[in-house]
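Dear colleague,

I am handing over the structure below, together with some notes on what was found in it. Please have it open while you read.

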Amino acid sequence: MHGTPPPGLGTRLVRETLGVDSAADLLGRHPFLSPYGQLTALIADATFKVDDLDQKVQERTAHIARELDSVRGGQSAAALGSASTEIALLSARRDQSAEHLRTMAGAYRRSLANDSGPVPGQAQGLGQVSRAEAATARTPGGPPSAVPPVPPITGLPTPTVRRTR
């Protein structure tokens, strides 16, 4: 009897770190072009890659287990020659990708925690917004900002052009 396969390593990491069922659940939380939107897209992509590598490791180890059973039954062991190297390389890629995913998910979680309150050292007063609101306001297609845009710097000296002979 075949049930739903267990979630891959990437999906489990996202569940443990961010408390969501799937990395795809993160994609709708922020405007795509915002910094958080881009970070959640990177997290989702890394999750899918880790899950894919995890599945390849599991498939390859299951294949090797079947090969070992046939060797026990008297078949040649020639097919097992490079199998351990292949599994070791896949496992190393999976572990490196999983560590990268942990780092991104942790940064996302810490960043959300930092942005949920006022900027340290400042009281949230009239006309002040959090960094998350300011980032969203700078995003094309984002909601209008209550903070006026910063005017460009003027009055800076212009470089003089040197004439060459």
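**The nonpolar core**

In this predicted model, the largest nonpolar core comprises 18 residues, and those with the most contacts inside it are Val-14, Leu-18, Leu-26, Ile-43, Leu-101 and Tyr-108. Two or more residues of this core come from each of the elements α1 (9-18), α2 (35-72) and α3 (83-115), with α2 giving the most, namely 6 residues. Leu-26, which is among the residues with the most contacts inside the core, touches Leu-18, Val-20, Thr-40, Ile-43 and Tyr-108 once residues up to four places away in sequence are set aside.

**Asp-95**

Is Asp-95 buried or exposed? Its relative accessible area is 43%, and because buried means under 20% and exposed over 50%, this residue counts as partly exposed. Asp-95 lies in helix α3, and although Asp-95 and Asp-54 are 41 residues apart in sequence, their C-alpha atoms are 9.0 Å apart in space.

**The chain as a whole**

The protein chain has 4 helices and 0 strands, so that from the N terminus on its elements run α-α-α-α. Of its 165 residues, 27% are buried, while the chain exposes about 11,800 Å², of which carbon and sulfur atoms supply 57%. Where contacts in the chain link residues at least 6 apart in sequence, 60% of them join residues at least 24 apart.

With kind regards

Definitions and conventions:
Residues are numbered from 1 along each chain as its sequence is written. This is a predicted model: local features need pLDDT of at least 70, side-chain atom pairs count only at pLDDT 80 or more; totals for chains, interfaces and linings use all residues. Side-chain values use heavy atoms; hydrogens and water are left out. A nonpolar core is a set of buried Ala, Val, Leu, Ile, Met, Phe, Trp, Tyr and Cys residues joined through side-chain atoms within 4.5 Å. Buried means under 20% relative accessible area, exposed over 50%, partly exposed in between (1.4 Å probe, protein chains only). Contact means heavy atoms within 4.5 Å. Accessible areas come from the Shrake-Rupley method with a 1.4 Å probe; for residues, only the protein chains shown count as cover.
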